[in-house]
Amino acid sequence: MRRNLPINKIISSMPVSATLGINERSNAMIKAGKKVYKFGLGQSPFPVPEHVVEALKANSYQKDYLPVRGLKELRDTVAVYYEKTQGLSFTGDDIIIGPGSKELMFILQTVYEADLLLPTPSWVSYAPQAVITGRKVIWLNTERDNKWLLTPDTLEAECSKDPDRARVLLLNYPNNPTGYSYSACELKALAETARKYGVLILSDEIYGEVHHDGDHVSIAKFYPEGTIVSGGLSKWCGAGGWRLGTFAVPSNLRRIVDAMAVVASETFTSVSAPVQYAAVTAFRENKEIDTYLLHSRKVLKTLGTYCADTLVGAGAKLERPDGGFYLFPDFSPMADKLHKKGITTSTEMCEKLLEETGVATLAGSCFGRPADEFTLRLSYVDFDGGLAITESAKLGVDAELGIDFLKKTCSASVEAINLMGAWFQK
Ligand SMILES: Cc1ncc(COP(=O)(O)O)c(C=O)c1O
């Protein structure tokens with residue numbers, strides 16, 4: 001065998017995805033007998049709803065390859081779901097199902113030859129996908145004091161440099177890593193600028209259903225002809241490992257779906273048949289899902305608020321989150337203190353934090369922020385989501401959840417955030 005394996009140079013210089021790396025590292029520390037709080041990986045803490053699990057069991061005999069674009073019944077159900085939840089008018093033909101939305105994003109970047117506009121901070125995988133597919137990444141700056149949200153002025157400034165250039169804007173809300181979302185007004189203004197320059201928006205709404213107040217609005221409402229809505233089961237249905245993602249693509253952009261289907265047919269073929277049949281149950285309007293989401297949101301809002309307030313109390317700059325299960329605190333006000341500890345980068349800050357408190361987080365630099373900015377992302381999901389939903393349901397829909405509830409159901413997360421707060425104050 002050759003000694004120099006001819007592995008693609010760009011890919012061999014890239015590390016594995018940062019979120020998966022921190023998970024492996026945390027597991028290794030746990031194996032070595034250390035107490036680790038897993039605030040690194042962004043996985044839903046909630047179990048897959050029981051009736052969806054039952055649907056999967058009932059369909060385990062489904063063994064045939066399904067159509068490349070996805071099971072017709074599922075695609076129709078997803079279209080109806082968007083109509084009911086967002087008032088968007090898709091048909092089943094506008095939907096493509098993939099093994100996770102991440103794969104669909106990669107395929108989109110493969111087939112659509114355009115620069116990728118990425119607000120910073122952004123989820124860890126968008127930029128590496130662009131590198132692998134040979135696309136140019138253009139980072140768009142945002143301000144912490146504007147909740148790290150992209151403004152139409154920043155988009156305008158970039159697009160006006162070369163108005164005819166093909167571009168994809170990746171907009172993710174509620175956002176990973178920040179936990180913030182856009183208001184309808186903000187989305188409308190961004191949509192107007194995108195329309196002016198013919199920018200394709202890839203609207204990553206995978207956390208839409210876990211907007212803490214159930215107030216998620218899609219930018220597709222304001223720019224239907226230029227927006228692809230990305231979603232899936234991973235974050236609101238606790239089913240990340242099932243690997244089912246969806247793209248809803250307006251019919252005027254059908255050629256994009258046609259091209260994506262070519263790549264899908266030559267790579268993954270189709271998503272696992274039992275999972276697609278079960279997903280029909282998840283996307284179909286039903287009371288079980290409504291109740292499940294209601295309690296998921298309440299728990300996440302209560303815990304997210306507690307975590308944000310604790311970190312603000314410790315001196316960090318951030319606001320309470322709007323959705324999802326992430327916070328992106330900025331510890332820059334403590335720069336002097338951190339420098340005295342010999343810490344000069346966000347990576348060193350996260351390493352030291354993990355070493356001294358056992359709290360695993362991810363450095364802000366993984367999300368496109370400058371290395372020497374003291375930001376980090378934490379996922380406040382180190383708790384038993386099944387227990388939390390059960391206890392929240394016992395208290396009733398209208399009950400306010402407070403610190404006693406958190407101590408009972410999310411004690412590891414409460415402990416971790418308190419340890420973090422104390423560490424930064426030390
Ligand atoms: C912002 C964001 N988009 C997309 C994904 C990918 O989700 P999936 O491939 O499981 O659909 C994730 C997963 O962590 C995410 O955080």
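How many helices and strands make up the secondary structure of the protein? The count is 16 helices and 12 strands, taken as DSSP runs numbered from the N terminus (H or I and at least four residues for helices, E and at least two for strands). The model is a predicted one, so local features need pLDDT of at least 70 and side-chain atom pairs only count at pLDDT 80 or more, while totals for chains, interfaces and linings use all residues. Numbering starts from 1 along each chain as its sequence is written.

On overall shape, the C-alpha trace spans about 60 × 55 × 55 Å along its principal axes. The radius of gyration is 21 Å, which agrees with the value near 22 Å for a compact globule of 426 residues; it is taken over C-alpha atoms, and the globule rule is 2.2 Å times the number of residues to the power 0.38. Some 48% of the 426 residues count as buried, meaning 20 or more other C-beta atoms within 10 Å of their own (exposed is 12 or fewer, partly exposed is in between, and C-beta atoms are placed from the backbone). Of the contacts with a separation of 6 or more, 71% come from residues 24 or more positions apart, a contact being two C-beta atoms, placed from the backbone, within 7 Å.

Now for the ligand. It is surrounded by 13 residues, the closest being G100, S101, K102, G232 and S234; a residue is near if its C-beta atom, placed from the backbone, lies within 6 Å. That shell splits into 2 nonpolar, 9 polar and 2 charged residues (Ala, Val, Leu, Ile, Met, Phe, Trp, Tyr, Cys and Pro are nonpolar, Asp, Glu, Lys and Arg charged, and the others, Gly among them, polar).

One open sheet has 3 antiparallel strands in the order β9-β12-β11, where pairing takes at least two DSSP bridges. Its edges are β9 (326-327) and β11 (362-363), each paired on one side only. β11 meets β12 (residues 376-379) over 2 bridges, and L362 has R377 as its bridge partner.

A few backbone oddities round things off. Most residues other than glycine have a negative phi, and most peptide bonds are trans. The T120 to P121 bond, however, is cis, with omega about 5°, and P121 sits in the loop between β3 (115-119) and α6 (126-133). N176 to P177 is also cis, with omega near 25°. R243, in the loop between β7 (227-232) and β8 (245-248), has a positive phi of about 60°.
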